[in-house]
Every structure is written in C-alpha cells, then in structure tokens.
Amino acid sequence: MPAELAAKRDRGTSMSLGRLIADYQAAVPVSALDASILDMLKGIHELGVVRVDDVTRYKWAEDWVKSMKLVKNLAPGTIRKRVGAVARLLDWYLKREAADGVQPLANPLRLLPKNYSAYNDHERAALDGDEKKRAKVDESRDRRLLDGEDQAIRAALRGEKRDDRQRSLSLPEGDALLDLYDLIVNTGLRLREAYSLRPADVRLALRTIHVSGSKTGTARDVPILPAIYSMLERRLAAASPGSAFIFPWWNGDRAELKKVTAKLSAAFASAFKYAGCEDLTEHDLRHEATCRWVTMRAQDGGWMFRSEECMKIKGHESFTMFMRYLSLRGSDLADRLWA
C-alpha cells in the first residue's frame, strides 16, 4: 500500500460512524427517510461507535447484513433501507476522500451480491431453534377497501353505534379524523403529509394540494377531487387566524412527529377494528387511493390519467415502487371490457 494512502487511512481510523453521520447530515440535504434511519443508526447501541475505517471493509459489510438477519431478525425490505442509507453516506465520504487527493476504496455496500437481504438456507437453519425469530421475507400488501367497508369506517368515525355493539366508538376529534381519512383515501397522501398540511398548501383556486414535506424530499402538487373540495374549504374556514396547520394534532415541533403519527395510526386502527376491518391499516389507504387514480375514467370512458401522471400525483420516483401500490382487482379490468 502506498505510504500516503496508509497515512490517510490511519488518520481516519479514530473517526466514529456516528461522527461521520453528523458531518454528512450537516453537509448534504438528506431525505427524510435516510435521516430517520441514520439518526437511529448513529446511536451507541447501533453503529455510532463503529470506526469508519472498519465500515469501509467488505468483511464488515457482510457481517453487518448477517447481524441484521440473525440478531435483529429484520425483514429484507428493512435491511435494504438501512444498507441504502449507509451506502449513500459512504458514497459521499469516499468522494470527499478522493477530493483530498487520495484514491478511495470501493464502497463495500455497493459490492454486496444480488439478493443479499434475503435469508439463505444457513441463516434459516440458524433461526430454526429460536421460537422468537424466523427467516423473514418481503411481504407485499395489496389490501384495499372491500364493498361496504368505506361506509362502515365513516360511520365508526362519526360515532355511530353498530347494532351488535353496546356502545359507539368514542375517539377524540373524530370529526377531524373523518376529514383526515377522507383526504388520504381520495389523494393517497402519506399520513404525515396529510396531518402536517398548512393552509397555504391547500390551493383551492388552483384545485391542488401542495406537498412540500415529502418523505422523499421532492415536492409535488396533488389534484383536489370534487369529493373533498368542500371538506377542505370547511377546514380552511374553520382554521383560526394565524393557524399553522389545517388539522389539530401537530404543533410544528419535529421532535413530536413520531408521537403524532403513532397516535393517529392507533386511532385509525381502532376505527377500522370497530368497523369490522381488523386487517386494514392506514397505509393500505394509499393502495386504495393509487388504484382510484389509475382507474379514474374520463367522460369518453377512457382512463383519466396516464401511469406517469399517477406516479407524479403519488410521489413515486420509480415505476417499481408505483407497481407495489397498484393493487388492481381483476374486476377493475373486466369492467372496462364490458363498459
């Protein structure tokens, strides 16, 4: 190894990954998803104290992936998200090293084999004797609203009592929850995007909702359907002068985001359970909304929007991600044949 390269590596061995993550977040506009992952990983119980010099070695990359399977027992999709976030961090670090005149090592996370996040036979065998762990696989959800479920959910959120129950569901701010449900199922906004909307984001004159705080970091405009126009008009009118948001749950403190998201997810879970949709989650509403956008008809009977336009509305940056949310029923396609 050239002496100058060895010296450069020696100077970097004392830096922890936690420190490098902090430098990276201060220098680069990291996406919200990567930021949340890196914030978690830089903790002392994760990767915060690992030396950067170790992280740039391929053996460490393999061992880290294996530990996420056998120790933490994470799903393949979760493993890929963590590897992707750290890989982008190392891309930045190695490019910075190159700018200093040192030939950087290859990013080991970019050298991992195809299907690295999948559990192999040896890893599955290693987990066979552990009752609390199992070899996990990617699970693609395609749950959508079934006949009658939309009406049942709306009734539960309005506080209407089911005939087979002794009492109705009591949820704080149920009216606002109903409006939030209406917004998500008719637009496909993510939960956090929806409850953090500001009055200025709802542009009634343009018939669009501006989403600036996207998970991917890319802003977009979502068309307002006639079905929710009056609801948005009412929420804007009800907002007090100087109100920061159109919904009442978040005060703007970013440290409270996870707490608010968990609270609203739990409230929707209660409503779905009361409505008899126990296997439905709030995130499934994005699948429903995606399919509604794709199957929306124009006056001549053809599709209203092209796939690229639906991707833009949903904020999907890749066609692969878009297809994960496109849970079309066979009957949706058959209806068009018999229209």
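## A guided tour of the model

The protein carries 56 positive and 48 negative charges, and the mean positions of these two sets are 2 Å apart. Keep in mind as you look around that this is a predicted model.

**Start with the whole protein.** Show the chain as a cartoon and you will find 16 helices and three strands. The C-alpha atoms fill a box of roughly 75 × 50 × 45 Å along the principal axes. Now switch on the surface: its accessible area comes to about 18900 Å², with 52% of that belonging to carbon and sulfur atoms. Of the 339 residues, 42% are buried. Among contacts with a separation of 6 or more, 66% join residues 24 or more positions apart.

**Next, select residues 58–70.** This is helix H5, which gives the most to the lining of the second largest pocket, with five residues. How big is the volume of that pocket? It is about 200 Å³. To see the lining, add residues such as Glu 62, Asp 63, Val 65, Lys 66 and Lys 69. Then bring in others from further along the chain, including Leu 112, Pro 113, Asn 115, Tyr 116 and Glu 123.

**Step off the helix to Asn 73.** This residue sits in the loop between H5 and helix H6, which spans 76–99. Most residues other than glycine have a negative phi. Asn 73, however, has a positive phi of about 55° without being a glycine. Is Asn 73 buried or exposed? Its relative accessibility is 6%, so it counts as buried.

**Jump to Arg 207 for a second positive phi.** Here phi is near 55°, again in a residue other than glycine. Look for Arg 207 in the loop between strand S1 (202–203) and strand S2 (208–211). Is Arg 207 buried or exposed? Arg 207 counts as exposed because its relative accessibility is 56%, and the cut-off for exposed is over 50%.

**Finish at Phe 268.** Select residues 257–274 to bring up helix H12, then pick out Phe 268 within it. With a relative accessible area of 0%, Phe 268 is buried, so you may want to hide the surface here. Which residues does Phe 268 touch, leaving aside those up to four places away in sequence? They are Leu 177, Leu 180, Tyr 181, Leu 191 and Glu 282. As a last stop, draw a distance from the C-alpha atom of Phe 268 to that of Leu 178: the two are separated by 9.6 Å, although they lie 90 residues apart along the chain.

How values were computed. Residues numbered from 1 in each chain as written. Predicted model: local features only at pLDDT ≥ 70, side-chain atom pairs only at ≥ 80, totals over all residues. Heavy atoms only, no water. Helix = DSSP H or I, 4+ residues; strand = E, 2+ residues; numbered from the N terminus. Buried < 20%, exposed > 50% of the residue type's maximum accessible area, 1.4 Å probe, protein only. Contact = heavy atoms within 4.5 Å. Areas by Shrake-Rupley, 256 points an atom, 1.4 Å probe, with all protein chains shown as cover. Lys, Arg positive; Asp, Glu negative; His and termini not counted. Charge placed at Lys NZ, Arg CZ, Asp CG, Glu CD. 1 Å grid on protein atoms, 1.4 Å probe; cavity = no way out; pocket = protein on both sides within 12 Å on 5 of 7 lines; lining within 4 Å. Points joined across faces, edges and corners; volume = space filled by probe spheres on them.
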